[in-house]
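Trainee: Please choose one part of this model and take me through it closely, then place it in its wider setting. I would like each term to come with its cut-offs.

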Amino acid sequence: MKQLVVVVALAALAPAGALAWTQSKSSKGVGLKWPDSCLKVYINEEGSDDVDDGSDIDAVKASLDEWNKVECSPATMSFAGFTNITKTGHTGEEPVVNIVIWREKKWPYTNRPVAYTAVTYNPASGEIVDADIEFNGQDFVFTTDPIKEHWKIDIQNAATHELGHVLGLDHSDDELSTMHLAAGPGEYHKRSLNEDDIEGLCTIYPDNGKQCVQVVPQDVYSDYPDTKEPGGCAAGPRGAAGVAPLLLGLAGLLAWRGRRSSKSVLRWRTSLAEGHFGNGYGARGG
Amino acid sequence: MVRKLWFLGFLTVAVLASLSAAGAVMVRMPLDDLVQDSAIVVHGKVVSSTPFRKEPKGNIFTAHVVEVTEYLRGEGEGRVRVITMGGEMEDFGQIVPGEAKLAVGEEVVLCLLEASEHDGYVVTGMSQGKFRVEKRDAGPTLVRDYRGVMFIGEKKQELSPKGDDLSFETFRALVRSLKK
């Protein structure tokens, strides 16, 4: 029996791999990181079509919390509210909205992975300015119960991995880390960070004594209806944003608020007046 | 005592092996799928890379021109246009972990799909479909950089053992065997 204990102890001590985390880099080799380690993340109001009990949203929140609870780093990704924004990327003109979205139809890319994360940054400084996660709900089926539905993609598993990319982490050679490069349907061990992930986070965002202010979720709603599908062509001119789109937006807002019982809604009136959100932003129905 | 030590050693190896296997489960496109799913497979050199946006406020892409020395699958012109997601403009850069990274001057073998959203091709399976050609003593070798690939495959995913580098000739033979 003693021998068995020794063997198990030896096995437990054996490293699954050396610390192997990597940081995403610009073309000039500058490491990517957020200048402010207090981030806000919005979730598209539609969530996943495969989960109808709200646990899809809870799974994303749990993924945020998994990174937030690392004690040696001040980096915090707060759930900032729901949004109807569908467009990913950032140009510097609009307010920064980091979104998590499921695309259930018309996946806009030729390749069809489970998820894409696009991280936008300043090439000179390496400072990240925006990051968005797109889940491919058209080709993959998602779940929040990977034990029962092991053939589906566990949302929390995938979201925890993708949120690592949002923070500027690239993939790790450590096969047991959340940031390891591969996962299959039903896998859920990436829900929990391992020492390699934690080492990466705390190296990129070392403890500086800073604590992030608690974020009260405030939903962000763009008043413009969709004028285009993701990756498709514009279906209407931006200048068409008159009374009708506003009414449509209002109707969508009411229906949407009814579904999510959101606490408050931030409407970008300034942006509306300046017409910044004519393409790609807007209601997807409530 | 000796038998006990042998047993102990065997048990240790077995436990370690099982831990390693548990963490090594990977999902990826087998080579034959990668080839068969591709419209063309080319061997060539990247001669230019130009970042662009499809629309003023859109995501960033990079258009690479690859001078083709050989079509391993399919046929076409002497140059192909390959689009990858991400790139660096003057104002912003964008990175999509998992996308194939092509560098000017690089000798590559590329499995390519006709792009639905662009004029040109995209790399099949993101970085899975890009092989860097390395000159080695044993002959030209194809090397893949898997950093960034995750969750690749469709709903019916297959598991295959890890094994990356392969000789160019082996790959060429595989492609030939899969020709229609």
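Mentor: What follows starts with one helix, then turns to a loop, and ends with the partner chain.

The model is a predicted one, in which local features need pLDDT of at least 70 and side-chain atom pairs count only at pLDDT 80 or more, while totals for chains, interfaces and linings use all residues. Residues are numbered from 1 along each chain as its sequence is written, and chains are lettered from A and ligands numbered from 1 in the order in which they are written.

The part I have chosen is helix α2 of chain A, which covers residues 55-68; helices (H or I, at least four residues) and strands (E, at least two) are DSSP runs, numbered from the N terminus. Its 14 residues should span 20 Å at 1.5 Å a residue, and the C-alpha atoms at its ends are 19 Å apart, which agrees; the expected span is 1.5 Å times one less than the number of residues.

The buried residues of α2(A) are Asp56(A), Ile57(A), Ala59(A), Val60(A), Ser63(A), Leu64(A), Glu66(A) and Trp67(A). A residue is buried if 20 or more other C-beta atoms, placed from the backbone, lie within 10 Å of its own, exposed if 12 or fewer, and partly exposed in between. These buried residues pack against β1 (38-44), β2 (76-83), β3 (98-103), α3 (155-166) and α4 (195-204) of chain A, where a contact requires C-beta atoms, placed from the backbone, within 7 Å.

Of these neighbours, α3(A) deserves a closer look. The axes of α2(A) and α3(A) come within 8 Å and cross at roughly 40°, the axes being lines fitted to C-alpha atoms, for helices over the stretch in contact, with angles from 0 to 180 degrees between N-to-C directions. The two helices are therefore oblique to each other, given that angles under 35 degrees count as roughly parallel, over 145 as roughly antiparallel, 65 to 115 as roughly perpendicular and the rest as oblique. The crossing of α2(A) with α3(A) is right-handed, the term for a near helix turned clockwise from the far one by less than a right angle, anticlockwise being left-handed. Among the residues that make this contact are Ala59(A), Ser63(A) and Trp67(A) of α2(A), together with Ile155(A), Ala159(A) and Leu163(A) of α3(A).

The strand β3(A), also packed against the helix, is followed by a loop to β4 (115-121) that holds Lys106(A) and Asn111(A). Lys106(A) has a positive phi of about 50° although it is not a glycine, and Lys106(A) is exposed, with 10 other C-beta atoms within 10 Å. Asn111(A), by contrast, counts as buried, with 23 C-beta neighbours inside 10 Å, and touches Val122(B), Gly125(B) and Met126(B).

This last residue leads into chain B, where Met126(B) is found in the loop between β7 (121-123) and β8 (130-136). Met126(B) has a positive phi near 55° and is buried, with 27 other C-beta atoms within 10 Å.

Chain B as a whole has three helices and 10 strands. Its strand β1 (residues 40-53) pairs in the antiparallel sense with β6 (residues 107-114) over six bridges, and with β2 (residues 60-73) over 12 bridges, pairing being called when DSSP finds at least two bridges. A hairpin joins β1(B) to β2(B) through six residues.

Key:
Contact = placed C-beta atoms within 7 Å. Lists of a residue's contacts leave out its neighbours within four places in sequence.
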